[in-house]
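Colleague: I'm new to this structure and would like a close look at one small part of it. Could you pick a spot and walk me through its surroundings?

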Amino acid sequence: MAYALAEKDLAHAAPLAAPRAGEKALLRFITCGSVDDGKSTLIGRMLYDSRMIAEDQLAALDRDSKKFGTQNGALDFALLVDGLAAEREQGITIDVAYRYFRTDKRSFIVADTPGHEQYTRNMATGASTADLAIILIDARKGILPQTRRHSFIVSMLGVRDVALAINKMDLVDYSEARFNEIVAAYRDMARDLNFRTIAPLPISALNGDNIASLSERTAWFQGEPLLPLLENIETAGDRSSEASFRFPVQWVNRPDLNFRGFSGWVASGAVHVGDEIASMPSGKTSRVQRIVTADGDLDLAVAGQSVTLTLADEIDASRGDVLVAATQRPAVATEIQACLLWTAETDMHPGASYIVKLGARVANATIAQVHHLVDIHTFEPARARPLGLNEIGLATIRFDRPMILGDYRDNRDLGGFILIDRITNETVAFGLIDTSAAASSDEAAAPPATETANWTALKRNLRTKLAPAAFSGSCVGLGAVVLGASPATGLLLGLADAALRPVARNLLRDYRRFRARRARIGAEESLSDGGGI
């Protein structure tokens, strides 16, 4: 039956109002999970229940639901965030959609991200700015490979708080046993992912169960509904002003001969007028003379504020440098270990030169070595090899100049970077720095360490490449001579085998990897119920 707009629905239509004084800090969160777990529908339902849909939007939703919806003419809340034509035709999310809404207690920015494996890079983009993740699981299907992958990525990207939404409970008769089974399995899976909090909720995004208020259908659930949980939670991001002061310089502000300031935003910590600061990587020190904003000078600037700092001394600092507390200086290095999420269709080429963007600083970088991959099914280290699309691994990265580093768990601006292909300008990887494994620029250039690394690499190549090729070539050459060929012919055949066999082996390995990846994508997409909810 077609859905008709009623007075109770128009009551949900409300204009945007100014933020209220005293409300909690802005919360950025992401919805993620596997295909058709209900991410877009959940966001649409939250917008609806928080009365953030204007009357004309509600009318358009009613009209679009009859044309594109999957609910037999009833309101399809997923259409509020799935705006691309391809998304509406296929009933899936492709790109990241950001939506702002607020309640009486808090303001929110939510990123609706795709569930398909081929769009994992879009999901990682949304997670890179999130303070909390809502991980959805279809109550009928349980934990799927994309659930595991997305959970690992949000943990890798520094998200420490998770709302575990077991969706479509209406399709399993609101079974408490099924809910407890999925929650137990997820907690077991996530025990090594360093989440600070995991709050499980049984929900039905389509029907609104446990979204704004507790549902009578799940009388056995004693926790908070989703919206009150989001209003009240204190995330790790709420405490960014308590971290060390970090101020990446975006622009040297020089409007006339009498003013020279450094413009940017406070990435973490706080700074007062009179504080002693250091400019990295040079290490030159000075004191903050003024904190300038468009609304006048401040005595204090905290994390999240965009300001211009003037200093008491004329020190050399430019875009890409970082102003820090003089007593809490970050690491500076030309070689680091980082966790990489590969986002390019083409495989990694170790040793190739890439462009790296870390904060406001741009440099050249090479991938010196891949130490291991991460098995997405067990989260255990796997055999090292060049990364392919959506694969994750630990690698050593070398820069052509000193870079100011932070641990991604503490500072996303100085702890995260992207690698860019020099030819296509494609972003090929997200990188997250582990400062505990970073080497200083002096250590990275030390001759003994370099000689040891070169000798280790030479021995590995002799053992894994040259020796097998020489052995197989010798066998082919001797076999040819035994069968009647001349020694010269046998020698040529042996050399040809030694040269061509590694090439053929690499081609076969790449073909098998391609087939395995296509089979994995097909297996995951076959798990979709096709509902687009």
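Modeller: Here is a walk around Q305, followed by a look at some strand pairing.

First, the ground rules. This is a predicted model, so local features need pLDDT of at least 70 and side-chain atom pairs count only at pLDDT 80 or more, while totals for chains, interfaces and linings use all residues. Residues are numbered from 1 along each chain as its sequence is written, and side-chain values use heavy atoms, with hydrogens and water left out.

Q305 sits in the loop between strand 12 (300-302) and strand 13 (306-311); strands here are DSSP E runs of at least two residues, numbered from the N terminus. Is Q305 buried or exposed? Its relative accessibility is 28%, so Q305 counts as partly exposed (buried is under 20% relative accessible area, exposed over 50%, partly exposed in between, with a 1.4 Å probe and protein chains only).

Beyond its neighbours within four places in sequence, Q305 touches G264, W265, V266, L298 and L300, where contact means heavy atoms within 4.5 Å. A polar atom of the Q305 side chain also lies 2.8 Å from the backbone nitrogen of V302. T293 is twelve residues from Q305 along the chain, and their C-alpha atoms are 9.5 Å apart.

Now for the strands. Strand 13, at one end of that loop, belongs to a closed barrel of six strands, ordered 7-8-13-11-10-14 with antiparallel pairing. Two strands pair if DSSP finds at least two bridges between them. Within the barrel, strand 10 (276-280) and strand 11 (284-292) pair antiparallel over four bridges, and S279 has K284 as its bridge partner.

How values were computed: A polar contact is a pair of N or O atoms within 3.5 Å; within protein, one must be able to donate a hydrogen and the other to accept it, and residues adjacent in sequence count only if both atoms are side-chain atoms.
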